[in-house]
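Student: Please choose one part of this structure and take me through it closely, at an unhurried pace. After that, I would like to follow the chain outward from that part, so that the surroundings make sense too.

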Amino acid sequence: MNRLLTLILAIVLLPACTTSPTGRSQLMLVSPEAAIVQSKKAYIDTVSQLGKKEKLLNDPALSKRVATITGRLVTVAIEEFPSSANWEWSVAIVDDPEVVNAWCMAGGRMAVYTGLFDKLHLTDAEFAQIMGHEISHALANHTAERMSRAMATTLGVVAVGAMADRPTVAMGGAALAAKLALDLPNSRTAESEADTIGMELAVLAGYDPDAAVSLWQKMASLGGSKPPAFLSTHPSPGNREAALAAMTPAMRRLNPAGKLAVAHKVTIVR
């Protein structure tokens with residue numbers, strides 16, 4: 001029985017590897033397309049709940065700023081990753097001055113929290129770095145990768161339950177797979193990948209790469225005893241600022257004139 005289950009797991013896992021935009025091998029038990037479908041369901045539910053709590057901000061000035069900056073990033077994203085052209089690009093601006101966070105799900109559905117602006121006093125270039133980083137997670141299929149990690153964990157639980165002849169354990173593990181995927185943070189490798197791709201998107205969109213360093217300096221200043229949500233879900237090794245600074249000269253050469261990209265239409269969710 002042990003050998004049979006090991007063989008089954010190997011058959012499932014071996015063909016499930018793909019390559020990220022930076023050439024890194026990724027475990028993909030869940031396809032990017034499936035991740036987009038599941039993310040859309042989660043996004044609709046999240047936005048619905050925020051709407052019921054009257055947490056979706058309707059501020060014309062901030063909405064225009066968010067739509068313009070993210071729209072420029074999306075223009076570049078589509079140029080660099082044509083498969084994202086048909087994504088449903090949208091942003092929910094969440095009215096919560098205490099939350100410093102932003103995210104982008106598979107399929108281009110995003111959220112930003114007003115605490116980002118209230119606490120960090122972001123420049124446009126710093127906000128572009130944040131959203132470029134988040135969009136990069138989606139472009140690099142990190143959502144599908146996290147779901148796949150959860151699925152691999154679940155397969156292990158199912159195997160243990162089956163070997164022990166405990167179907168309840170096996171089925172319970174499978175039922176937890178989706179939730180586990182949502183709770184898993186991105187790996188440090190994925191974070192570094194998003195730093196690189198995100199800075200490239202921001203620079204090609206017309207924003208100063210030095211903002212990546214100033215942004216993380218601002219983030220670090222908010223640490224204290226209760227780090228912002230963004231830091232808790234984006235592990236930051238001590239050399240992150242140095243790594244970002246080291247990338248800036250090469251990044252600047254991508255768009256030395258700092259020409260601003262045309263803003264793609266991005267829906268502000270209300």
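**A close look at the largest cavity**

Tutor: The largest cavity has a volume of about 70 Å³, and it belongs to a model that is predicted. The structure holds one cavity of 30 Å³ or more, so let us define the setting before going inside; a cavity here is a space where a 1.4 Å probe fits but cannot get out. The protein chain around it has 270 residues, of which 47% count as buried, and its secondary structure comes to twelve helices and six strands. Among the contacts in the chain with a separation of 6 or more, 73% are between residues 24 or more positions apart, and we will meet two such pairs below.

Eleven residues line the largest cavity, and those lying nearest its centre are Gln 129, His 133, Asp 195, Ala 212 and Trp 216. Three elements each give two or more residues to this lining, namely H5, H9 and helix H10, the last of which spans residues 211–221. Sorted by class, the lining has seven nonpolar, three polar and one charged residues.

Gln 129 is a good residue to follow from here, since it is one of those nearest the centre of the cavity. Gln 129 lies in helix H5, and it counts as buried because its relative accessible area of 6% falls under the 20% limit. Once neighbours within four places in sequence are set aside, Gln 129 is in contact with Gly 198, Met 199, Ala 202, Asp 208, Pro 209, Ala 211, Ala 212 and Leu 215. One of these partners, Ala 212, is also among the residues nearest the centre of the cavity. Another partner, Ala 211, is 82 residues away from Gln 129 along the chain, yet the C-alpha atoms of the two are separated by 6.9 Å.

Asp 195, which is also among the residues nearest the cavity centre, leads us along H9 to a second helix. Helix H9 covers residues 188–204 and packs against helix H12, residues 240–252, at an angle of about 35°, with the two axes 11 Å apart. The crossing in which H9 passes H12 is right-handed. From H9, the residues that meet H12 are Glu 191, Asp 195, Thr 196, Met 199, Glu 200 and Val 203, while H12 contributes Arg 240, Leu 244, Met 247, Thr 248 and Met 251. By class, this contact between H9 and H12 has five nonpolar, two polar and four charged residues. Asp 195 therefore appears twice in our tour, at the cavity and in the meeting of the two helices.

Val 76 brings another helix into the picture. It is found in helix H3, residues 60–80, and it counts as buried because its relative accessibility is 2%. Beyond its neighbours up to four places away in sequence, Val 76 touches Leu 201, Leu 204, Ala 205 and Ala 261. Val 76 and Leu 201 are 125 residues apart in sequence, but their C-alpha atoms are 6.2 Å apart in space.

To follow H5 in another direction, turn to the second largest pocket, whose volume is about 210 Å³. It is lined by 16 residues, of which Pro 32, Ile 36, Ser 83, Trp 87 and Asn 141 are closest to its centre. Helix H2 (32–52), helix H5 (124–139) and helix H6 (142–163) each give two or more residues to this lining, and the largest share, four residues, comes from H2. Its lining has nine nonpolar, six polar and one charged residues by class.

Asn 141 sits in the loop between H5 and H6, and at 24% relative accessibility it counts as partly exposed. Its phi is near 60°, a positive value in a residue other than glycine. Most residues other than glycine have a negative phi. His 121, in the loop between helix H4 (115–120) and H5, also has a positive phi, near 50°, but His 121 is exposed, with a relative accessible area of 60%.

Finally, Ser 39 lies in helix H2 and counts as buried, because its relative accessibility is 6%. With neighbours within four places in sequence left aside, Ser 39 is in contact with Met 105, Ala 106 and Thr 143.

How values were computed. Residues are numbered from 1 along each chain as its sequence is written. This is a predicted model: local features need pLDDT of at least 70, side-chain atom pairs count only at pLDDT 80 or more; totals for chains, interfaces and linings use all residues. Side-chain values use heavy atoms; hydrogens and water are left out. Buried means under 20% relative accessible area, exposed over 50%, partly exposed in between (1.4 Å probe, protein chains only). Contact means heavy atoms within 4.5 Å. Axes are lines fitted to C-alpha atoms, for helices over the stretch in contact, and angles run from 0 to 180 degrees between N-to-C directions. A crossing is left-handed if the near helix is turned anticlockwise from the far one by less than a right angle, and right-handed if clockwise. Ala, Val, Leu, Ile, Met, Phe, Trp, Tyr, Cys and Pro count as nonpolar, Asp, Glu, Lys and Arg as charged, and the others, Gly among them, as polar. On a 1 Å grid over the protein atoms alone, a cavity is a set of points where a 1.4 Å probe fits but cannot get out, and a pocket is an open set with protein on both sides within 12 Å along at least five of seven lines; lining residues have an atom within 4 Å of a point. Grid points are joined across faces, edges and corners, and a volume is the space filled by probe spheres set on the points.
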